[in-house]
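Let's take a friendly tour of a protein model and look into its pockets. Have a look at the structure first, then read on.

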Amino acid sequence: MSVGLGAVGTVVVLLLSCLFALLLVLIARREAGAVRTRADQDAWAIHEQARDTLAEVERRELRVVDREAHLAAELANLTETRQAVRVEADEADQARRKAERALDSAERAATRTVSDAERQAAARLAEAKEQALAELTETAGLTREQATEQLAARFVAEAEAQAAARVRRAEQQARRQAEEKARRIVTTAVQRIALPSSAQASTTTITLPEDELKGRIIGKEGRNVRAFEALTGVNVLIDEVPDGVVLSSFDPERREVAVAVLEALLVDGRINPQRIEAAYTAALAGAAERAVAAGHDAAERAGVEGLPPEVIEVLGRLRLRTSSGQNVLEHLVECAQIAAAVAAEVGADVATTRRAAFLHDLGKALTGEHHRSHALAGADLLRRTGETAVVVNAVAAHHDEVAAETVEAVLVQIADAVSAGLPGARRESVEQFTERMERLEHLVGAHDGVLRVLAMAAGREVRVVVEPAAVSDEALPVLADTIARQIESETEVPGEIRVTVVRELRASATAGLPLA
């Protein structure tokens, strides 16, 4: 019985082994089939890729063939064009030789004709002379020598008249040509220079990095803007431009100080009446520094180098000067560029002309210090600072107070006239407006106790700051009415002028604490 069970177990083991082997065979066949399938797919993909590559190669070969055919056609066209050009060149050369031969023949014929005409004219002249001598001798009873002298005198007079007529015609033609050339040179010089207008404006726009800064500039209930306007004498226009504020004043110096104050406040970030006063004090103290910076900037834009510090400082002062509405410093930069362009056209010394034109109105910053004209005052300053004689003469002569000794001096006069004559450069109404504002401030400032006068809002408002110790609160209405009546009687008032009298009384004390 045990033997039978062992045989059965053996058979079972064999069967299981066979089944396992069969399973392995099936698995191997399935993997082989999958490998064969993948191999077939890879082979087909390689086949497709090879076919696509072959098609691309064929297309490229076709394009190369087309390109070669196109190049061959272009080469054939170039060959034909070269042959046609060579034929045309040969024909042109033959025509040129024919023309030269014809010209030589014409010149020889003309020479012969002129020679024949000269001989005939000489013969006729001799015949006419002999006839005139005979007529003078017969009619006047003169000897041959006397008749010859009279005839020679008449010929000389006729020749002089003809020569004078030719000289006048030549002068007129030369004058026309010179005027035409001068217009061309000036026009060319002005066209080559693209300059902004040098006209002086009465407003300055300050761009704000953030629009919300407008509220901080105005302050609580407008206290900041009121303090700003009271100190600087400049109107602040908040809503004129979307991303900035506009500072308006007829006085360029006040406007410049106001710009410096506002820029300092924007950099600081703290805007209140105390900070405004501190920034205003600093801006007043920095006037000399701003003048030097403006002088250096103008010299750089004009292309002039090597100016002494004294001249740079005087130039910087001109940033606040105007002449018939034209900013003087911008006018100098403009003149330097125009004069240099004209000098280059006529062959003059460009560097010297540029320098003289840039410095020609330097004396306008010195007219309050000297009793001479600005041209002579500027020339004296340049002479003291070691400037060349050519530049000194050009500056002194630009208004014909002295004679112009060089062509560079004349070019400075031309540049000055061109800059002043540009459309919109000068407006007499601006000067008249400024003078009216200054007269108004001077008139009001003559009252006792007045500390400061500010004409604002284009002359529609006058703010009067008085000394607290000299004018009491009760006297403010009386003073305001007195000033208003005086303005009515002594000036031509275009509309209404509001007079505001301000009396500000301050007290301060210092606390000293003992040190620990």
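What follows describes two pockets of this predicted model and a pair of strands.

**The two pockets**

Here are the two pockets side by side.

| Pocket | Volume | Nonpolar lining residues | Polar lining residues | Charged lining residues |
|---|---|---|---|---|
| Largest pocket | about 540 Å³ | ten | one | eight |
| Second largest pocket | about 410 Å³ | six | three | eight |

Start with the largest pocket, which has a volume of about 540 Å³. It is lined by 19 residues, and those closest to its centre are Ala230, Val465, Val502, Glu504 and Arg506. Helix 4 (223–232), helix 6 (273–285), strand 6 (450–456), strand 7 (461–466) and strand 8 (498–502) each give two or more residues to this lining. Which element gives the most to the lining of the largest pocket? Strand 7 does, with four residues.

Now turn to the second largest pocket, with about 410 Å³ of space. Among the 17 residues lining the second largest pocket, Glu256, Ala294, Arg319, Leu320 and Asn327 are the closest to its centre. Helix 5 (252–268), helix 7 (287–302) and helix 9 (328–346) each supply at least two residues of its lining.

**A closer look at two strands**

Strand 7 and strand 8 pair in the parallel sense, over five bridges. Within this pairing, Glu461 has Arg498 in strand 8 as its bridge partner.

In a regular strand, side chains alternate between the two faces of the sheet. Strand 8 has a covered face with Val499 and Val501, while Arg498, Thr500 and Val502 belong to its uncovered face. Val502 is also one of the residues closest to the centre of the largest pocket.

Definitions and conventions
Residues numbered from 1 in each chain as written. Predicted model: local features only at pLDDT ≥ 70, side-chain atom pairs only at ≥ 80, totals over all residues. Heavy atoms only, no water. 1 Å grid on protein atoms, 1.4 Å probe; cavity = no way out; pocket = protein on both sides within 12 Å on 5 of 7 lines; lining within 4 Å. Points joined across faces, edges and corners; volume = space filled by probe spheres on them. Nonpolar A, V, L, I, M, F, W, Y, C, P; charged D, E, K, R; others polar. Buried < 20%, exposed > 50% of the residue type's maximum accessible area, 1.4 Å probe, protein only. Pairing = 2+ DSSP bridges.
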